[in-house]
Amino acid sequence: DTDRDFDWELVQAGDLQPGADVGMADEQPLSKSTAEALRSEGNAHVKGQRYVEGRDAYSRGIEELERGGHTASAELGALRIALLSNRSLCLLELGDLTGAASDCDGVLVLVPTHTKALFRRGLVRERQLRYDEAIADLEAAAEVLQGVDEAVQTALRRMRKARQRAPSARTELLAAEAQRQGRAGEHMHAIELLTEAIALE
């Protein structure tokens with residue numbers, strides 16, 4: 001998988017673009033050592049491809065940082081970004097696209113140019129066949145990286161090619177999901193999905 005090198009790179013606390021503002025007040029750190037230990041634990045799990053355990057470790061680290069409230073020091077803000085970004089990798093590997101996108105969004109609210117979050121959110125949107133949005137995310141990452149990352153460029157080429165056949169692929173995805181929702185008894189949601197699929201034809 002040509003995207004692996006970029007996608008698997010874990011974020012360390014403080015791994016932000018120069019001048020990035022995490023938007024946190026400068027207060028006494030809260031549960032910092034525990035959260036850092038959980039980040040390290042999560043990293044070890046990810047390197048061993050134990051994504052459920054990695055996800056759970058990062059989640060506990062985030063909970064530790066949230067125990068004292070929503071404000072923290074800039075240092076803790078960087079740690080929270082690392083935990084969210086690394087958890088998004090686990091969720092992506094586990095197929096939880098909604099959760100992965102949510103974590104990427106959480107990072108990008110604080111650091112809009114965070115390349116790993118842009119890249120992973122782009123991969124999420126690619127799997128959802130939302131190619132225009134996926135390409136926009138990867139183009140933003142490529143701009144920050146000044147176009148030098150081969151994994152981003154490879155993914156961009158793949159997505160641009162896939163976009164050419166996107167309407168039919170998106171229709172198939174929506175129809176399959178409508179069937180699944182119908183079997184689950186979610187008939188209104190199934191109708192909405194089918195309506196969207198018909199509109200693409």
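**Helical architecture and nonpolar cores of the predicted model**

Among contacts in the protein chain between residues at least 6 apart in sequence, 67% join residues at least 24 apart. The structure described here is a predicted model, and its protein chain has 10 helices and zero strands, so that a reading along the sequence gives the pattern α-α-α-α-α-α-α-α-α-α. Of the 201 residues of the protein chain, 44% count as buried, while the accessible surface comes to about 10,500 Å², with 49% of this area belonging to carbon and sulfur atoms.

The buried nonpolar residues were examined next. In soluble globular proteins, nonpolar side chains tend to be buried together. In the present model, the largest nonpolar core has 20 residues, and those with the most contacts inside it are V46, L65, L79 and L83. Two or more residues of this core are given by each of the elements α2 (32-47), α3, α4 (74-93), α5 (97-110) and α6 (115-127), and the largest share, seven residues, comes from α4. Apart from this core lies another, of 19 residues, which includes L91, A100, V124 and A134.

Helix α3, one of the elements that give two or more residues to the largest core, covers residues 51-66, and its geometry can be compared with an expected span. Because the expected span is 1.5 Å times one less than the number of residues, the 16 residues of helix α3 should span 22 Å, and the end C-alpha atoms are indeed 22 Å apart, which agrees with this expectation. The buried residues in α3 are Y51, G54, A57, Y58, S59, G61, I62, E64 and L65; of these, L65 is also among the residues with the most contacts inside the largest nonpolar core.

In helix α2, attention falls on H45, which counts as buried because its relative accessibility of 16% lies under the 20% cut-off. When residues up to four places away in sequence are not counted, H45 touches R50, E53 and G54, and G54 is itself one of the buried residues of α3.

Two cysteines were also considered. C90 counts as buried because its relative accessibility is 0%, and C104, at 1% relative accessibility, likewise counts as buried. Since a disulfide is taken as a pair of cysteine sulfur atoms within 2.5 Å, the count by this rule comes to zero disulfides in the model.

How values were computed:
Residues numbered from 1 in each chain as written. Predicted model: local features only at pLDDT ≥ 70, side-chain atom pairs only at ≥ 80, totals over all residues. Heavy atoms only, no water. Buried < 20%, exposed > 50% of the residue type's maximum accessible area, 1.4 Å probe, protein only. Helix = DSSP H or I, 4+ residues; strand = E, 2+ residues; numbered from the N terminus. Core = buried A, V, L, I, M, F, W, Y, C linked by side-chain atoms within 4.5 Å. Contact = heavy atoms within 4.5 Å. Areas by Shrake-Rupley, 256 points an atom, 1.4 Å probe, with all protein chains shown as cover.
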